[in-house]
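Biologist: Before we talk about the pockets and the ligand, could you put the model up, so that each term can be set against what is shown?

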Amino acid sequence: MSWLLPRLLMALVATLLGFIVGVAVHKITGLGALGLGTGIVVAVVLMLLVDAVRGHRLLNWLRGDQFDNAPRDTGLWGEVGYRIERAVRDRDRAVARGQLELAQFLSAIEASPNGVLMLDAQEQIVWCNRVAADHFSLDPQRDLRQRITNLVRAPAFVAYLQAGNFAEPLVLGNGRGPGSLSIIVREYGEGQRLVLSLDITERLRSDAMRRDFVANVSHEIRTPLTVLSGFIETLHSLPLTAVERERVLVLMTQQTQRMQTLVADLLTLAQLEGSPRPAPDRWVGLDGLLGRIAADADALSAGRHRLSLRPATGAEVAGIESELLSAIANLVTNAVRYTPEGGQIELLWRQLEDGSGELAVVDTGPGIAREHIPRLTERFYRVDGSRSRETGGTGLGLSIVKHVMQRHGGELMIQSEVGKGSRFRLVFPAARVRLASDTALGDEAAFGVAALAGR
Ligand code: ADP
């Protein structure tokens, strides 16, 4: 009520002035009623004048953008101005807070890995994040207020929106390529819709790979099992001679070994996938490793090939010994298995200028046609299935090699030419290669000479 006193004072001043004027008029004219009337009119007009001036100032301020303070009048108008100014400032702060919250909210949705698209009741785009724009090939600015069905014309999508049954997500091929999207729609407000899109290309691919893998494993195991059960049946039902019996047992042993190898390779793959990356400071002497591999290769080849598998590398590689052994042995075993009698198989090592190390298994075998090379490291991929199985292959060897090399930060590189032979190179990064002694520097010269074309 702080405004009341100034207002009463003002009324008092106006009354006083009115009274003075009234007395003056009364004295001049001698008419008491005229003096009274004039006094009252003067007092009222004075009050109205002051109110009009202050009201006008306040109105002017209200009509403007209210950046300045409201007019600081005393009394009622000052109080009204101050209250309005406070209400306006509170409203501005609330709007700014709301805008900030909205901006933060939209940035959070923008950062979402999923596409988010908001549609109004007429299916017009109200807002979409960049991921949704990318998924549906939209322009987040230009396409606002456009009907989504005019822009995304995939019949399945249009039918899904129109049917209005959103219990199940829609799986849609991505317009930009072979990718796939999972689309979920939720209704909110008055007919508005929230469209969420998720790129499921990778998920579908890995699902397909898993299905293929299970089918392949089942197939690989079923074949020897069928053969084994046939032999068991034979042993049960037919009276075999000792020689025949021995032959059947040898064949049964081969099938059992095949399954054992397959299970061992599968376990190796599972271990590679499940175990932590090899430590960068556990050094494995390459020469010891190659000695063991060469001895096994000698036994496998049984003198059918010219083998040169013991280069003096003097090098050490940082990693897991069993994995390195498995990778190199797989390449050497393949070379022995696929190279016909009389062929040559070499194992070469060299350290490159940048410090990385390269181990190459080179054979003069049948070679591999160009179109197969990129697929050789796929699980169960074989160029010649029957030849691979005949020689005890599982189709998993090169995928194990690739996996081991990836885990060691290295790479498997394959060069091959039909009729000339193959060169499988294992490249280890500089950080994982060191020389155990200064004497052995690798056989760089031999490496150059044994190039494919030179053989
Ligand atoms: P597998 O157990 O069948 O040998 P791998 O993954 O080790 O499986 O090899 C995949 C395919 O690559 C083989 O089936 C074979 O056709 C081909 N291959 C691998 N090494 C050689 C080689 N040294 N010479 C010719 N072909 C090879």
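Modeller: This is a predicted model, and in it the lining of the largest pocket divides by class into 15 nonpolar, 15 polar and six charged residues.

Biologist: Why is Gly393, which lies near the centre of the largest pocket, counted as polar?

Modeller: The classes are fixed lists, and Gly is placed among the polar residues because it is in neither the nonpolar nor the charged list. Gly393 belongs to the 36 lining residues, and it is named with Asn330, Asn334, Arg337 and Tyr338 as lying nearest the centre.

Biologist: What makes a residue part of that lining?

Modeller: A lining residue must have an atom within 4 Å of a point of the pocket, and 36 residues line the largest pocket, whose space comes to about 820 Å³. The elements that each give two or more of them are helices H8, H10, H11 and H12 and strand S12, and H10 gives the most, with nine residues.

Biologist: Which domains supply the lining of the largest pocket?

Modeller: Domain 3 (204-274) and domain 4 (283-437) each give at least three residues to that lining. The second largest pocket, with a volume of about 580 Å³, likewise draws at least three residues from each of domain 3 and domain 4. Its lining has 18 residues, with Met209, Phe213, Thr377, Glu378 and Arg379 nearest the centre, and the largest share, six residues, comes from H7. By class, that lining has five nonpolar, six polar and seven charged residues.

Biologist: How do you know that Tyr338 makes a polar contact with the ligand?

Modeller: A polar contact needs a pair of N or O atoms within 3.5 Å, and a polar side-chain atom of Tyr338 lies 2.7 Å from an oxygen atom of the ligand, so the pair qualifies. By the same cut-off, Asp363 qualifies too, because a polar side-chain atom of Asp363 is 2.8 Å from a ligand nitrogen atom. For Gly397 the partner is a polar backbone atom, 3.3 Å from an oxygen atom of the ligand, and therefore this pair is also a polar contact.

Biologist: How much of the ligand does the protein bury?

Modeller: Taken alone, the ligand exposes 530 Å², and the protein buries 97% of that.

Biologist: What makes Ser388 a residue near the ligand?

Modeller: One of its heavy atoms must lie within 4 Å of the ligand, and Ser388 is one of the 20 residues around the ligand, where Asn334, Tyr338, Ser388, Thr394 and Gly395 come nearest.

Notes: Residues numbered from 1 in each chain as written. Predicted model: local features only at pLDDT ≥ 70, side-chain atom pairs only at ≥ 80, totals over all residues. Heavy atoms only, no water. 1 Å grid on protein atoms, 1.4 Å probe; cavity = no way out; pocket = protein on both sides within 12 Å on 5 of 7 lines; lining within 4 Å. Points joined across faces, edges and corners; volume = space filled by probe spheres on them. Helix = DSSP H or I, 4+ residues; strand = E, 2+ residues; numbered from the N terminus. Domains from an automatic or database assignment. Polar contact = N/O pair within 3.5 Å; in protein donor to acceptor, adjacent residues only side chain to side chain. Areas by Shrake-Rupley, 256 points an atom, 1.4 Å probe, with all protein chains shown as cover.
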